[in-house]
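Student: Before we interpret anything, could we look at the sequence and the coordinates together and then work through some questions?

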Amino acid sequence: MEDDIEMQNTVTTGTSESNNAANGATDDSQRANDWVRIESSDGFSYLVKRKVAQASGTMNNMLDPHGAGIVTEKLVEYMCFKSHYQTVGPKEDIPVQEMQERIPPEIVLEVLLAADYQEM
């Protein structure tokens with residue numbers, strides 16, 4: 001377990017992944033041994049193996065390069081929609097159905113969970 005985590009008390013900017021990920025390594029067993037940096041909002045930084053970070057469903061989704069893009073896109077669309085219609089008069093003037101139609105049924109649950117996590 002000690003080989004899977006390195007704690008640092010330094011503030012870093014951005015996130016980084018191991019050299020294997022940067023070099024395009026796609027083998028799952030290699031990726032599981034990649035190191036990822038987890039940074040807390042108060043500035044603490046932790047280097048852990050990807051397989052350790054993936055024990056959290058939320059972090060696993062953040063590290064998944066394939067599935068999160070469309071969900072993030074829909075969250076951004078919703079934020080734009082909400083910002084645009086926030087000052088509109090009666091609720092009848094807000095095209096809610098149009099926003100609902102933009103979200104494919106197969107990802108509705110993922111979008112809902114992500115929106116809840118982001119406190120939208």
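Student: Leaving aside its neighbours within four places in sequence, with which residues is Lys74 in contact?

Tutor: This is a predicted model, so the contacts are those computed from predicted coordinates. Lys74 is found in helix H5. With neighbours within four places in sequence left aside, the residues in contact with Lys74 are Met99, Arg102, Ile103, Pro104, Ile107 and Val111.

Student: Does Lys74 count as buried or exposed, and why?

Tutor: The cut-off for a buried residue is a relative accessible area under 20%. Because the relative accessibility of Lys74 is 9%, this residue counts as buried.

Student: Which helix gives the largest share of the largest nonpolar core?

Tutor: That core has six residues, namely Val71, Leu75, Ile107, Val111, Ala114 and Ala115. Two elements, helix H5 (68–85) and helix H7 (108–117), give two or more residues to this core. The largest share, three residues, comes from H7.

Student: Which residues does Ala114 touch, not counting residues up to four places away in sequence?

Tutor: Ala114 is itself listed in the largest nonpolar core, and Val71 and Leu75 are listed there too. Once residues up to four places away in sequence are not counted, Ala114 touches Val71 and Leu75.

Student: What pattern does the chain follow when read along the sequence?

Tutor: The chain has seven helices and three strands, and buried residues make up 23% of its 120 residues. Read along the sequence, these elements follow the pattern β-α-α-β-β-α-α-α-α-α.

Definitions and conventions
Residues numbered from 1 in each chain as written. Predicted model: local features only at pLDDT ≥ 70, side-chain atom pairs only at ≥ 80, totals over all residues. Heavy atoms only, no water. Core = buried A, V, L, I, M, F, W, Y, C linked by side-chain atoms within 4.5 Å. Buried < 20%, exposed > 50% of the residue type's maximum accessible area, 1.4 Å probe, protein only. Helix = DSSP H or I, 4+ residues; strand = E, 2+ residues; numbered from the N terminus. Contact = heavy atoms within 4.5 Å.
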